[in-house]
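Thanks for coming. I will walk through one structure today, and I will keep to what can be read from the model.

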Amino acid sequence: MMIEPKVRGFICTTAHPDGCKEHVRRQMEYVKQNGSMPGPKKVLVIGCSSGYGLATRIAAAYGCGASTLGVMFERPASEKRTASAGYYNTAAFEKYAKADGLYAKTINADAFSAQVKQQVIAQIKEDLGQVDMVVYSLAAPKRTAPDGVTYSSVLKTTGEPFTNKTMDLKTNQVTDVTIPAATDEEVAATVKVMGGEDWMDWMEALSAGEVLAPGALTLAYSYIGPALTHPVYDQGSIGMAKHHLYQTAGEITRRFADKGIKAYISVNKALVTQASAAIPIVPLYISILYKVMKEKGLHEGCIEQMDRLFREKLPAGPVVDEKNRIRLDDYELREDVQAKVMDAWQHIRTENAGEYADVDGYWEDFYHIFGFGFDGVDYSRDVPLV
Ligand code: NAI
């Protein structure tokens, strides 16, 4: 069938295999053009199929020549429905990597499950022996924890409800939104899903399975952003989970000190991904940020960020701030960038949105995530679904 985008709010329910392939190819080409670099050689990426995790995998493979084992949770195609974008991305990545002589395998299953952790360990033993890097890049709405309870995360504030501008993704209108405050229970559940507990479980399991190379590095990703987004992010329910993730980084480093294993948080730039599109206020902030950063020649997407991580931040130490965090949000949080963003935030309304925000750039990235909107892809092609 001919596949078209079907957008429902902040999600697109279809994905295009050829466009996803093109998205992966462009990211690979970007890294290849920058040339090879030293880095890890055997990398496990948990949450490898889209956004930052996919870009990490591509940068490690095509920049450092790494073998990559991925874990993802993606939907294959059925007779009536396309596969999810992450499924197509991964099929394309594996195909390219194999053709280029790079090991790439992926386990499509729930990363939160203890059984899947054992499956990954068995695969590492069989194919790689050990891994020298573990990247934890999950963005999930819920988690069934080892206690058998399923926890759901929420995107709410903590304390008081918070009202600010947002972009209505159905109409592109700038409107006000009030984000309700999470209950203590909701915050605790969000920490269970997006905090560091499962990252620690992974490291414990990998260590017990003897598949972590001595001195291995492990990374997880976070976001801080400017004060404007703090009520919904850094000081919101998701922020509480991220604070737990920071603590866990320290705990992992201490826990596995005898093996020289070090854990870091990389604080990344706000970008359009499936995960970030769901957060109120953030899409409007991102549209303004894109406009300002593009004008200043500072704009980066996931692959530019992850290439810079491996090329500049990791080999030199890593380069960290006073709280031991890698800062890939350094350009985003530059004073001149944020001054312009804040000015635009004050003035933006539906009528002048094009003047202050890169709404088209937002939507271009959004469609690209699902494999739509790429020049050179024949979208009129009849694609067999299965
Ligand atoms: P994404 O939605 O593009 O990717 C999420 C990945 O997690 C996918 O590979 C998906 O298959 C996988 N996944 C979800 N549930 C799973 C499960 N149960 N088992 C196995 N795999 C599962 O998300 P994005 O935005 O790349 O986020 C990754 C990390 O980066 C998150 O920790 C997020 O908070 C962080 N981050 C994102 C920023 C953004 O602006 N998008 C900014 C800074 C950090």
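I will start with the ligand, then go through the core, some backbone details and a few single residues.

A word on the source: this is a predicted model.

First, the ligand. How many residues surround the ligand? There are 30 of them, and the closest are Ser49, Tyr52, Glu74, Ala111 and Thr273. By type, the shell around the ligand divides into 16 nonpolar residues, ten polar ones and four charged ones.

Three backbone positions can be picked out here. At tyrosine 52, a backbone N or O atom lies 2.8 Å from an oxygen atom of the ligand. Glycine 47 has a polar backbone atom 3.5 Å from a ligand oxygen. For tyrosine 221, too, a polar backbone atom is 3.5 Å from an oxygen atom of the ligand. On its own, the ligand has 840 Å² of accessible area, and the protein covers 93% of that. Which elements give two or more residues to the shell around the ligand? They are helix 2, residues 51-64, and strand 11, residues 212-222.

Next, the core. The largest nonpolar core has 139 residues, and the members that touch the most other members are Leu44, Trp199 and Leu206. Take tryptophan 199 from that list. Leaving aside neighbours within four places in sequence, tryptophan 199 is in contact with Tyr136, Thr218, Leu219, Ala220, Leu245, Thr248, Ala249, Ile252, Ala263, Tyr264 and Ile265.

Helix 5 comes next; it runs over residues 184-194. Which of its residues are buried? Val187, Ala189, Thr190, Val191, Val193 and Met194 are. The cover over these buried residues includes strand 7 (142-144), strand 8 and helix 7 (237-255).

After strand 8 there is a loop that leads to strand 9 (162-168), and threonine 157 sits in that loop. Is threonine 157 buried or exposed? Threonine 157 counts as buried, because its relative accessibility is 1%, and the cut-off for buried is under 20%. Apart from residues up to four places away in sequence, threonine 157 touches Phe162, Ile179, Pro180, Ala181, Ala182, Pro231, Gly236 and Ser237.

Now two residues of helix 7. Tyrosine 246 is in this helix. With a relative accessible area of 16%, tyrosine 246 is buried. Not counting residues up to four places away in sequence, tyrosine 246 touches Ser222, Tyr223, Ile224, Ile265 and Arg325. With serine 222 there is also a polar contact, side chain to side chain, of 3.4 Å. Along the chain, tyrosine 246 and glycine 196 are 50 residues apart, while their C-alpha atoms are 7.7 Å apart in space.

The second one is arginine 255, also found in helix 7. Arginine 255 counts as partly exposed, because its relative accessibility is 44%; that class lies between 20% and 50%. If neighbours within four places in sequence are set aside, the contacts of arginine 255 are Met200 and Glu204. The side chains of arginine 255 and glutamate 204 are joined by a polar contact of 2.8 Å. What separates the C-alpha atoms of arginine 255 and lysine 294? A distance of 42 Å, with these positions 39 residues apart along the chain.

Last, some backbone details. Between glycine 317 and proline 318 the peptide bond is cis, with omega near 0°. Proline 318 is placed in the loop between helix 9 (302-313) and strand 13 (325-327). Asparagine 324 is in the loop between helix 9 and strand 13 as well. Its phi is near 70°, a positive value in a residue other than glycine. Asparagine 324 counts as partly exposed, at 42% relative accessibility.

Isoleucine 281 also has a positive phi without being glycine, here near 75°. Where does isoleucine 281 lie? In the loop between strand 12 (262-267) and helix 8 (282-295). Isoleucine 281 counts as buried, because its relative accessibility is 0%.

To go back to the ligand once more: the protein covers 93% of its accessible area, and the shell that surrounds the ligand has 30 residues. That is all I have for today.

Note on methods
Residues numbered from 1 in each chain as written. Predicted model: local features only at pLDDT ≥ 70, side-chain atom pairs only at ≥ 80, totals over all residues. Heavy atoms only, no water. Near = heavy atom within 4 Å. Polar contact = N/O pair within 3.5 Å; in protein donor to acceptor, adjacent residues only side chain to side chain. Areas by Shrake-Rupley, 256 points an atom, 1.4 Å probe, with all protein chains shown as cover. Helix = DSSP H or I, 4+ residues; strand = E, 2+ residues; numbered from the N terminus. Nonpolar A, V, L, I, M, F, W, Y, C, P; charged D, E, K, R; others polar. Buried < 20%, exposed > 50% of the residue type's maximum accessible area, 1.4 Å probe, protein only. Contact = heavy atoms within 4.5 Å. Core = buried A, V, L, I, M, F, W, Y, C linked by side-chain atoms within 4.5 Å.
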